[in-house]
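Biologist: I am new to this one, so could you show it to me and let me ask how you know what you know?
Modeller: Gladly; here it is.

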Amino acid sequence: ARSQMAEAILNKYAADHFNVFSAGFKPREIDSLAKEVMEEKDYDMKNHYSKDLSQYLGEKHFGIVITLCQKAEKLCPTIPGVSTRLFWDIEDPVAFEGSKAEKLEKFRKTRDEIEEKIKSWLKERKILF
């Protein structure tokens, strides 16, 4: 859910600066609550689906890699040509247990945290003002 959220947010604010991809080690269907909270803020998730990192390795050049969880940070291979590697440790909302309302709130918090990190990073790079 987190990488898909980050892909949609980064595309909204900087698609003209980056080709954005998200992928994981064990892709699974994107959680419906992730889609719901993203749509609340008009982020486009219509064509999003989970992808395995292996489909990109050796096929795409990545200058920047951002990981969003400790597990991915530990497992992520060294990717040739990466000039910037960032690690933003963001809690997995899918793992949260509670009522639907509580889960939605957790997904909103995650969305907002990712959005704030991305906006701050883009401001540092003078892409967003």
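Modeller: Let us begin with two rings in this predicted model: Tyr 56 is buried, and Phe 62 is buried too.

Biologist: What makes Tyr 56 and Phe 62 an aromatic pair, and what kind of pair is it?
Modeller: Their ring centres lie 6.1 Å apart, and rings pair if the centres are within 6.5 Å. The planes stand at 85°, and an angle over 60 degrees counts as edge-to-face. Tyr 56 and Phe 62 therefore form an edge-to-face pair.

Biologist: How do you know what kind of pair Trp 88 and Trp 121 form?
Modeller: The reasoning runs the same way. For Trp 88 and Trp 121 the values are 6.4 Å centre to centre and 75° between the planes. The distance is within 6.5 Å and the angle is over 60 degrees, so this pair is edge-to-face as well.

Biologist: Which parts of the chain does the pair of Trp 88 and Trp 121 link?
Modeller: Distant ones: Trp 88 sits in the loop between β2 (84-87) and α4 (100-124), while Trp 121 belongs to helix α4. The two are 33 residues apart.

Biologist: Why does Trp 88 count as buried?
Modeller: Buried means under 20% relative accessible area. Trp 88 has 10% relative accessibility, so Trp 88 counts as buried.

Biologist: And why does Trp 121 count as buried?
Modeller: Its relative accessibility is 8%, which is under 20%, so Trp 121 is buried by that cut-off.

Biologist: Which residues do ring pairs link into a cluster?
Modeller: Phe 18, Trp 88 and Trp 121. In total, the structure holds five aromatic pairs.

Biologist: Now for the whole chain: what pattern does the chain follow along the sequence?
Modeller: Reading along, you meet α-α-β-α-β-α, which gives four helices and two strands.

Biologist: Why is the chain called as compact as a globular protein of its length?
Modeller: Its radius of gyration is 14 Å, and the globule rule gives 14 Å for 129 residues; the two are close, so the chain is as compact as a globular protein of that length. Along the principal axes, the C-alpha atoms fill a box of roughly 45 × 35 × 25 Å.

Biologist: What share of the 129 residues is buried?
Modeller: Buried residues make up 36% of them.

Biologist: How many positive and negative side chains are there?
Modeller: There are 23 positive and 23 negative ones, and the centres of these two sets are 2 Å apart.

Methods. Residues numbered from 1 in each chain as written. Predicted model: local features only at pLDDT ≥ 70, side-chain atom pairs only at ≥ 80, totals over all residues. Heavy atoms only, no water. Rg over C-alpha atoms; globule rule 2.2 N^0.38 Å. Buried < 20%, exposed > 50% of the residue type's maximum accessible area, 1.4 Å probe, protein only. Lys, Arg positive; Asp, Glu negative; His and termini not counted. Charge placed at Lys NZ, Arg CZ, Asp CG, Glu CD. Phe/Tyr/Trp six-rings, centres within 6.5 Å; stacked < 30°, edge-to-face > 60°.
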